[in-house]
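Open the model in your viewer and set it to cartoon display. This tour goes from one selection to the next and says what is there at each stop.

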Amino acid sequence: MNKTLLTGLLCCSLSIQSFADQPLEGFTYGSVNAPTGKEWESPENLALNKEQPHAYFFPFQHLDNARKVLPENSKFWQSLDGDWKFHWAPDPDSRPKDFYQTEYDVSSWDAIPVPSSWNIYGIQKDGSQKYGTPIYVNQPVIFQHSVKVDDWRGGVMRTPPANWTTYKDRNEVGSFRRDFEIPQDWDGREVFISFVGVDSFFYLWINGQYVGFSKNSRNTANFNITPYLQKGKNTVAAEVYRSSDGSFLEAQDMFRLPGIFRTVALYSVPKVHFRDLVATPDLDATYTDGSLTVNAEIRNLDKKAIKDYKV
């Protein structure tokens with residue numbers, strides 16, 4: 001068997017532009033004082049102020065750190081995993097509506113680990129369930145529906161049969177809060193918060209200010225929170241809904257387990273940074289020589305124009 005010699009030819013094309021010029025349909029941007037409360041039942045609205053999708057990579061301070069690959073080797077990445085203050089409600093009307101305000105006292109709330117599923121964490125030693133029921137179904141969704149065209153327009157809050165688990169716990173809501181501080185050597189950089197997996201919808205506040213929302217629980221949700229930060233202690237609040245219009249698309253053979261089920265982290269980047277990278281390897285017709293084309297999208301979040309940058 002002949003071994004193929006791969007010769008790397010690196011071609012890098014740069015597109016210096018803002019991703020907000022052509023956002024994906026359903027992604028909106030701008031300052032909004034408060035949510036309407038209907039975003040989780042509005043299929044035409046996918047996100048507010050959430051970063052456009054991009055390749056999964058992290059900022060590092062030095063090549064040696066980058067070679068270690070994992071983000072915890074970067075001083076520009078900070079995990080928010082661990083205990084968060086938590087309140088469980090069986091339905092949206094029962095949730096603490098003002099919990100995101102920094103003066104709202106959550107000291108008496110339970111602590112729940114992030115990442116986790118609140119259904120699973122709430123199972124007690126005696127078998128009782130403190131935070132709702134983990135529901136397993138094959139293909140159907142867990143709320144009242146009909147298999148017909150445009151049925152999704154009826155939403156997820158319709159009254160199901162009385163023997164359904166969701167008859168009583170119609171649409172569970174988990175309210176999460178915790179405090180954090182920004183490292184001093186992040187001054188002058190843009191700071192983002194990253195939710196790698198939240199089932200199935202959530203609103204986000206920083207220091208009592210509404211940032212935005214996200215649906216699509218299996219994809220990372222990143223938000224630029226730089227304008228909302230302050231020196232010293234900061235407070236993040238997330239209001240998570242078990243079911244949303246996105247749940248119609250996430251019906252498969254699985255347990256339906258709500259919560260912040262993957263890592264939450266902060267990361268910072270310089271004003272001028274890589275927003276996205278696309279690497280395309282190829283081989284010639286004889287499978288002898290190879291090429292690697294890297295398309296890098298550069299973003300400038302500074303007010304000044306940039307020059308003399310090289311990749």
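**The largest pocket**

Begin with the largest pocket, which has a volume of about 770 Å³. Keep in mind that this is a predicted model. To find the centre of the pocket, select Phe57, Phe58, Pro59, His273 and Phe274, which lie nearest to it among the 34 lining residues. Next, colour the strands that each give two or more residues to this lining: S1 (10–16), S9 (190–195), S17 (264–269), S18 (272–283) and S19 (290–300). Which of the elements gives the most to the lining? Strand S18 does, with 5 residues. If you now colour the lining of the largest pocket by class, you get 24 nonpolar, 6 polar and 4 charged residues.

**The second largest pocket**

Move to the second largest pocket, which holds about 460 Å³ of space. Select Phe27, Lys50, Lys215, Asn216 and Asn219: of the 23 residues lining this pocket, these are the closest to its centre. Coloured by class, the lining of the second largest pocket shows 10 nonpolar, 8 polar and 5 charged residues.

**Two cavities**

How many cavities of 30 Å³ or more does a search of the whole structure find? The search finds 2. The largest cavity contains about 130 Å³ of space. To centre the view on it, select Asp199, Arg242, Ser247, Glu250 and Arg256, the closest to its centre of the 14 residues in the lining. The lining of the largest cavity is made up of 6 nonpolar, 3 polar and 5 charged residues.

The second largest cavity has a volume of about 40 Å³. Select its lining in three steps: start with Phe195, Gly197, Val198, Ser200 and Phe202, add Ser214, Lys215, Asn216 and Ser217, and finish with Asn219 and Ala221. By class, the lining of the second largest cavity has 4 nonpolar, 6 polar and 1 charged. Lys215, Asn216 and Asn219 are among the residues of this lining, and they also appeared at the second largest pocket, among the residues closest to its centre.

**A sheet of 4 strands**

Hide the side chains and look at the strands. An open sheet is formed by 4 strands in the order S4-S17-S9-S13, with antiparallel pairing. Select S4 (77–79) and S13 (221–224) to see the edges, where each strand pairs on one side only. Going from one strand to the next, the twist averages 20°.

Now keep S9 and S13 in view. These two strands run antiparallel and are joined by 4 bridges. To see a bridge pair, select phenylalanine 192 and its partner in S13, asparagine 224. Strands S9 and S17 of this sheet can also be found in the list of strands that line the largest pocket.

**A sheet of 8 strands**

Turn to another open sheet, this one of 8 strands, with the order S2-S3-S12-S11-S14-S8-S5-S6 and mixed pairing. Its edge strands are S2 (27–28) and S6 (110–114), each of which pairs on one side only. Follow the order to its end and select S5 (residues 82–89) together with S6. The two run antiparallel, and 5 bridges join them. One place to look is glycine 82, whose bridge partner in S6 is valine 114.

**Lysine 271**

Select lysine 271, in the loop between S17 and S18. Is this lysine buried, partly exposed or exposed? Lysine 271 counts as partly exposed because its relative accessible area is 27%, which falls between the 20% limit for buried and the 50% limit for exposed.

Now show the residues that lysine 271 touches, leaving out those up to four places away in sequence: Gly188, Glu190, Arg299, Asn300, Leu301 and Asp302. Draw a distance from lysine 271 to glycine 188, C-alpha to C-alpha. The two are 7.8 Å apart in space, with their positions 83 residues apart in sequence.

**The whole chain**

Zoom out to finish. The protein chain has 2 helices and 19 strands. Its C-alpha atoms fill a box of roughly 65 × 55 × 40 Å along the principal axes. Of the 311 residues in the chain, 41% are buried. Where contacts join residues at least 6 apart in sequence, 74% of them join residues at least 24 apart.

Terms used: Residues numbered from 1 in each chain as written. Predicted model: local features only at pLDDT ≥ 70, side-chain atom pairs only at ≥ 80, totals over all residues. Heavy atoms only, no water. 1 Å grid on protein atoms, 1.4 Å probe; cavity = no way out; pocket = protein on both sides within 12 Å on 5 of 7 lines; lining within 4 Å. Points joined across faces, edges and corners; volume = space filled by probe spheres on them. Nonpolar A, V, L, I, M, F, W, Y, C, P; charged D, E, K, R; others polar. Pairing = 2+ DSSP bridges. Axes fitted to C-alpha atoms, helices over the stretch in contact; angles between N-to-C directions. Buried < 20%, exposed > 50% of the residue type's maximum accessible area, 1.4 Å probe, protein only. Contact = heavy atoms within 4.5 Å.
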